[in-house]
Amino acid sequence: MWYVVQTIGGQEKHVLDLMQKLVEPGLIEESFIPRYEVKKRIKGEWRTSQEVLLPGYIFVVSDKPNKLKVALRDIPKFTRLLSNNDVFVPLNDQEVAFINAFTKPDQRVIEFSSGVIEGDQIVILNGPLMHQTGLIKKIDRHKRLAYLDIEIMGRTKTVKVGLEIVQKRS
């Protein structure tokens with residue numbers, strides 16, 4: 001089952017490294033911080049970098065959530081396995097399918113997409129946003145970002161992913 005470990009935003013990488021060192025082997029099948037590719041202009045050049053998709057959250061695949069909760073106590077940073085009334089709530093099948101549709105198991109990064117605007121329609125030419133235009137709520141062409149509303153952990157969250165509109169046709 002997939003679970004979510006909450007931590008302090010900006011410390012996800014450090015906490016993930018500590019989890020991989022301090023949690024006993026075999027307790028976690030996979031742990032990752034979902035990221036997305038974005039292009040930023042640095043000294044006049046466009047460069048691709050990666051940003052955290054959901055700040056403050058680390059995703060963990062484990063069959064033993066109770067043992068995982070105990071193991072997280074040994075980590076000297078704030079970590080909390082998300083639960084509801086002391087029952088650990090795994091991600092539902094749709095949430096897992098969403099993450100798997102946009103990322104690969106060995107590299108949990110949502111790659112950069114590109115597209116065109118034809119009239120008032122967005123047409124994605126390549127990238128993970130192909131066939132997902134219904135999720136796009138807003139586009140920031142200057143920052144090369146698309147804002148998506150996704151259902152995750154029982155809430156609707158707005159997340160950013162990289163999208164370059166290469167042409168606008170009327």
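## Close-up views of the predicted model

**View 1. Helix H2 has an exposed face with Asn-66 and Lys-67.** Turned away from the buried side of H2, this face carries those two exposed residues, Asn-66 and Lys-67. Keep in mind that we're looking at a predicted model here. Which residues of H2 are buried? Within H2, which runs over residues 65–72, they are Pro-65, Leu-68, Ala-71 and Leu-72. These four take up an arc of only 115° around the axis, so they end up on the same side of H2. As for what they pack against, there are two stretches from early in the chain, strand E1 (2–6) and helix H1 (12–22), plus strand E5 (57–61), strand E6 (80–81) and strand E8 (87–88).

**View 2. Helix H3 carries five buried residues along one face: Glu-95, Val-96, Phe-98, Ile-99 and Phe-102.** H3 covers residues 93–102. Look down its axis and the buried residues fall within an arc of 155°, so they line one face of the helix. Note that Glu-95 sits on the buried list alongside Phe-98 and Phe-102. What do the buried residues of H3 pack against? Their partners are E1, strand E2 (30–32), E5, E9 and strand E13 (145–152). On the face turned away from the buried side you'll find the exposed residues Asp-93, Gln-94 and Ala-101. Both E1 and E5 turn up here, and both are also packed against by the buried residues of H2.

**View 3. Strands E4, E3 and E9 form an open sheet, in that order.** The pairing in this three-stranded sheet is mixed. Which strands sit at the edges? Strand E4 (45–52) and E9 do, since each pairs on one side only. E3, spanning residues 35–42, runs antiparallel to E4, and eight bridges join the two. If you'd like to check the register between these strands, Val-38 has Ser-49 in E4 as its bridge partner, and Glu-37 stands opposite Gln-50 in E4. One rule of thumb for this sort of view: side chains in a regular strand alternate between the two faces of the sheet.

**View 4. Lys-43 takes a positive phi in the hairpin of E3 and E4.** The hairpin leaves two residues between its strands, and Lys-43 belongs to that loop between E3 and E4. Its phi is about 55°, although Lys-43 is not a glycine. For context, most residues other than glycine have a negative phi. Is Lys-43 buried or exposed? Lys-43 is exposed, with a relative accessible area of 81%.

**View 5. Arg-144 also has a positive phi without being a glycine.** Here the angle is about 60°. Arg-144 lies in the loop between strand E12 (136–140) and E13. At 15% relative accessibility, Arg-144 counts as buried, whereas Lys-43 is exposed.

**View 6. Glu-30 is part of strand E2.** Leaving aside residues up to four places away in sequence, what does Glu-30 touch? The list is Phe-59, Val-60, Val-61, Pro-105 and Arg-108. For a sense of distance across the model, the C-alpha atoms of Glu-30 and Arg-155 are separated by 23 Å, and the two residues are 125 residues apart along the chain.

**View 7. Residues 1–103 carry the UniProt annotation "domain: NusG-like N-terminal".** That label comes from an unreviewed entry. Over this stretch the chain is 28% helix and 34% strand. The C-alpha atoms at the two ends of the stretch are 17 Å apart.

**View 8. The whole chain, for orientation, has three helices and 14 strands.** Its C-alpha trace spans about 60 × 35 × 25 Å along the principal axes. Of the 170 residues, 43% count as buried. The chain exposes about 10,000 Å², with carbon and sulfur atoms supplying 47% of that. Among contacts with a separation of 6 or more, 61% come from residues 24 or more positions apart. How confident is the prediction, or, put in numbers, what pLDDT does the chain average? The average is 90, and 100% of the residues score at least 70. Confidence is lowest in strand E7 (residues 83–84), with a mean of 77, and highest in strand E9 (residues 109–110), at 94. That makes E9, an edge strand of the sheet in View 3, the place where confidence is highest.

Technical notes. Residues are numbered from 1 along each chain as its sequence is written. This is a predicted model: local features need pLDDT of at least 70, side-chain atom pairs count only at pLDDT 80 or more; totals for chains, interfaces and linings use all residues. Side-chain values use heavy atoms; hydrogens and water are left out. UniProt positions are given in the numbering used here, feature names are shortened, and annotations may be inferred rather than shown by experiment. Buried means under 20% relative accessible area, exposed over 50%, partly exposed in between (1.4 Å probe, protein chains only). The arc is that of the directions from the helix axis to the C-beta atoms. Contact means heavy atoms within 4.5 Å. pLDDT is the predictor's confidence in each residue, from 0 to 100. Accessible areas come from the Shrake-Rupley method with a 1.4 Å probe; for residues, only the protein chains shown count as cover. Two strands pair if DSSP finds at least two bridges between them.
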